[in-house]
Amino acid sequence: MKHLGKLALVAGFALAGLPGSEQSVSAADKTYITIGTGGPTGVYFVSGNAICRMVHKEAAEGRDTGRKHNIRCSAPSSAGSTYNIAQITEGEFDFGVAQSDWQFHSYNGSSEKVTSNPDLRAVFSVHPEPYQLIAAKDSGIDSWMDLEGKRFNMGNPGSGQRATTELLMERYGTPVEFFGLVTDMTSSEHSKALCDGKIDAYGYVVGIPNSGVAVATEGCGAYIVNLDTEVESGLISEFPFYGPVTIPEGAYTSTVAPVNTFGGYATVVTSASVPDDVVYEVVRAVFENLDDFKALHPAYSILTPEGMITNGLSAPIHPGAARYYEEKGMM
């Protein structure tokens, strides 16, 4: 059994698994790829596994029709954006889901908060993901500055939400001492902690709707705070990967009016070292089955092929992905 992250692409794949090939390969010659995702309640986890589902749906092995790519895919839960990029750089993951800002910073080497990787390559974007400040019912938090003296979860080290929270802290001039307590819980822990009264608020970068956020909003009346000051406007002006995002009324039961914030996109990234044919087949599997892919989560409802190859992509597009887009006249 082979794994691309360990540079073990089988020689037989070069002969048998290419697009359009009719030659079959043995079960022992499967190519295994791993996609880094995020917490098990987040859209990143759904996205990675949705991609794998499309790859397996396309596979022809054991069927009369389909692609004889012989690729097998897994998408384990991980610590999120910056962790996924680090693991791609180390060759442990072949693909990963990452926030558009950390894709930019990694490729350009412009932040110490993410591994610098000039070999990072873009594949496609998935969905917009606003930064959401979730506050407990009756907490009195109606702005970032209302977090003074409050118990606040920044997110676990290595996650994109932690890095974005630290950026907001820097721009607002609110060091750790500004808060009454700072925690580093993962996305699978913070909503329960909020409802249990252990924290007053948490920051989260995630697509909408999100089952983890719903634990807090539907379960204990938590709400999303507007973040639309000159701080957020400055970030949008400064960085091309950010834009204004409006969370619509009714997104959660406590969202009784639109909430204004900012955010980027969830993007799928890989390494220049991952073979073109593998990336081609992954992209083809998703785009040829896009309606099925979009049905797997409400956050995908607005996806279009055109947007998926432009929104939030700041690293060069991997040649394997570009080949598919060019074949379809999209580039």
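**Strands, helices and cores, by question**

Trainee: Which residue in S4 does Ile35 stand opposite?
Mentor: Ile35 faces its partner across from S2, which runs parallel to S4 (residues 95-99) and is joined to it by 2 bridges; helices (H or I, at least four residues) and strands (E, at least two) are DSSP runs, numbered from the N terminus. This is a predicted model, where local features need pLDDT (the predictor's confidence in each residue, from 0 to 100) of at least 70 and side-chain atom pairs count only at pLDDT 80 or more, while totals for chains, interfaces and linings use all residues. Residues are numbered from 1 along each chain as its sequence is written, and side-chain values use heavy atoms, leaving out hydrogens and water. Opposite Ile35 in S4 stands Phe95.

Trainee: And how many bridges does S2 share with S3?
Mentor: Two strands pair if DSSP finds at least two bridges between them. S2 (residues 31-36) and S3 (residues 71-74) pair in the parallel sense, with Ile33 bridged to Cys73. The bridge count for S2 and S3 is 4.

Trainee: How many residues of S2 are buried?
Mentor: Buried means under 20% relative accessible area, exposed over 50%, partly exposed in between (1.4 Å probe, protein chains only). S2 is mostly covered, and of its 6 residues the buried ones number 5.

Trainee: Why do the buried residues of H8 line one face, and within what arc do they fall?
Mentor: In H8 (residues 230-238), the buried ones are Val231, Glu232 and Leu235. The arc is taken from the directions from the helix axis to the C-beta atoms. The buried residues of H8 line one face because, seen down the axis, they fall within an arc of 95 degrees.

Trainee: Which residues are exposed on the other side of H8, and which one caps its N-terminal end?
Mentor: Glu230 and Ser237 are the exposed ones. For the cap, a side-chain oxygen lies 3.1 Å from the backbone nitrogen of Val231. A polar contact is a pair of N or O atoms within 3.5 Å; within protein, one must be able to donate a hydrogen and the other to accept it, and residues adjacent in sequence count only if both atoms are side-chain atoms. The residue capping H8 is Thr229.

Trainee: Which helix gives the most to the largest nonpolar core?
Mentor: A nonpolar core is a set of buried Ala, Val, Leu, Ile, Met, Phe, Trp, Tyr and Cys residues joined through side-chain atoms within 4.5 Å. The largest has 55 residues, and those touching the most other members include Ile51, Phe95 and Phe287. With 8 residues (it spans 276-287), the top contributor is H9.

Trainee: Ser81 is polar, so to speak; which backbone nitrogen does its side chain reach?
Mentor: Ser81 is in helix H3 (residues 81-90) and is buried, with a relative accessible area of 1%. Contact means heavy atoms within 4.5 Å, and leaving aside neighbours within four places in sequence, Ser81 is in contact with residues including Tyr44, Val97 and Trp102. A polar atom of the Ser81 side chain lies 2.9 Å from the backbone nitrogen of Gln99.

Trainee: Over which residues is the pLDDT below 50?
Mentor: The chain's mean pLDDT is 89, and 90% of its residues reach 70 or more. Where pLDDT is low, the predicted coordinates should not be read in detail. The stretch below 50 has 43 contacts in the model beyond near neighbours in sequence, and covers residues 6-27.
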